[in-house]
Amino acid sequence: MSSASQWQWETATAGAIAGFATVAAMHPLDVVRTRFQVHDGRVSNLPTYKNTAHAIFTIARLEGLGGLYAGFSPAVLGSTVSWGLYFFFYGRAKQRYSKNRDEQLSPGLHLASAAEAGALVSLCTNPIWLVKTRLQLQTPLHQTQPYSGFYDALRTIVREEGWAALYKGLLPSLFLVSHGAIQFTAYEELRKVVVDFKSKKRRRHSGSADSVLVMRSRLQQRPSSEGIPRYMDSWHVIRETVRFEGVRGFYKGITPNLLKNVPAASITFIVYENVLKFLKFARTNE
């Protein structure tokens, strides 16, 4: 295997492990965030929570640990696959944009690489995130027959709603690509500063993303027992949310989202960097 190909698979492996670690640590907050985001005051099959802490304690009391980890299997699968593919596509894009392997890319090219990777990952993984959202919204108050798990959910969605249903919420997901692209560009630039600082030393001696997440979560809800979707498309979500909830409706779930995303980003990048360092070390000592 060439060194370039080996490097790409190392980044994909490190990204996948980082994704798993992040989900395992932060999943309960993700469940709470999703339930807040779809609660428009008109849904009868979801409990009402006062705040993030109340939601966590209520879910744990009524549904047990399984409720806090509802949708965990697709979340792990989705995050592992997403981060693995993201770092793989990101590495390939950076390599393509770079004239030679020693040249550092500009922030604009880092942004383009990250946006390209994010769009490809969204196309590949939207069905997994759809199932995750559906499983997270299953509560004891649910009136329809619950999904028994990830594969049952996939089969039922395809049978009852068709293949196109697996891509509900894709448009908001593509809008979220810009959020991830900015995050990765900042990461690359800060990383570059740290690396430069260390080398010199040796020589000397979270808002718009929340509103889009609300749209995606609401689009990905399970239809009623009559098979009628609550929201038809992104524009329908916007109209109904503004009509019944005002602008505040787009920021539901912002607290658990912030509590989740700040440490999640740290966990992802720390695990990624350390796994990548370990893989490189193992390769050089073969």
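Helices here are DSSP runs of H or I that span at least four residues, and they are numbered from the N terminus. With that in hand, T34 can be placed in helix α1. Please keep in mind throughout that this is a predicted model.

**Figure 1. The whole protein is a run of helices.** Ten helices and zero strands make up the secondary structure of the protein. Read from the N terminus on, the order is α-α-α-α-α-α-α-α-α-α. The protein has 286 residues, and buried ones account for 49% of them. About 15,000 Å² of the protein is exposed, with 62% of that area supplied by carbon and sulfur atoms.

**Figure 2. Confidence varies along the chain.** The mean pLDDT of the protein is 83, and 87% of the residues score at least 70. Among the elements, helix α6 (residues 150-161) has the highest mean, 94, while helix α7 (residues 170-204) has the lowest, 68. Where should the viewer look for pLDDT under 50? Residues 200-205 are the stretch in question, and the model gives them zero contacts beyond four places in sequence. A word of care for anyone zooming in: where pLDDT is low, the predicted coordinates should not be read in detail.

**Figure 3. The largest cavity is lined by polar and charged residues.** This cavity holds about 50 Å³ of space. Helices α1 (3-38), α5 (107-136) and α8 (208-219) each give two or more residues to its lining. The lining consists of R33, T34, K132, T133, Q136, R216, S217 and Q220. Which helix contributes the largest share of the lining? Helix α5 does, with three residues. By residue type, the lining has five polar and three charged members, and no nonpolar ones.

**Figure 4. T34 is a buried residue of the cavity lining.** Here we stay with the largest cavity and centre on T34, one of its lining residues. T34 belongs to helix α1. Because its relative accessibility is 1%, under the 20% cut-off, T34 counts as buried. Beyond its neighbours within four places in sequence, T34 contacts T133, Q136, L137 and S217. Of these partners, T133, Q136 and S217 also appear in the lining of the largest cavity.

**Figure 5. A12 is another residue of helix α1.** Is A12 buried or exposed? A12 is buried, because its relative accessibility of 10% falls under 20%. Setting aside residues up to four places away in sequence, A12 touches G84 and F88. The C-alpha atoms of A12 and F87 are 5.4 Å apart, although 75 residues separate the pair along the chain.

**Figure 6. V121 sits in helix α5 and is buried.** At 7% relative accessibility, V121 is under the 20% limit and therefore counts as buried. Which residues does V121 touch, once those up to four places away in sequence are set aside? They are S82, L85, Y86 and F89. The view also takes in V177, which lies 56 residues from V121 in sequence and 9.3 Å from it in space, C-alpha to C-alpha.

**Figure 7. F150 is found in helix α6.** This view turns to the element with the highest mean pLDDT, helix α6. F150 counts as buried, because its relative accessibility of 13% is under 20%. With residues up to four places away in sequence left out, F150 touches P74, L77, I128, V131 and L135. One of these partners, V131, is 19 residues from F150 along the chain, and their C-alpha atoms are separated by 6.7 Å.

**Figure 8. P229 occupies a loop and is partly exposed.** Our last stop is the loop between α8 and α9 (234-245), where P229 is found. Its relative accessible area is 25%, which means that P229 is partly exposed, as this value lies between 20% and 50%. Not counting residues up to four places away in sequence, P229 touches K168 and P223. For orientation, L219 is ten residues from P229 along the chain, with 8.2 Å between their C-alpha atoms.

Conventions:
Residues numbered from 1 in each chain as written. Predicted model: local features only at pLDDT ≥ 70, side-chain atom pairs only at ≥ 80, totals over all residues. Heavy atoms only, no water. Buried < 20%, exposed > 50% of the residue type's maximum accessible area, 1.4 Å probe, protein only. Areas by Shrake-Rupley, 256 points an atom, 1.4 Å probe, with all protein chains shown as cover. 1 Å grid on protein atoms, 1.4 Å probe; cavity = no way out; pocket = protein on both sides within 12 Å on 5 of 7 lines; lining within 4 Å. Points joined across faces, edges and corners; volume = space filled by probe spheres on them. Nonpolar A, V, L, I, M, F, W, Y, C, P; charged D, E, K, R; others polar. pLDDT = per-residue confidence, 0-100. Contact = heavy atoms within 4.5 Å.
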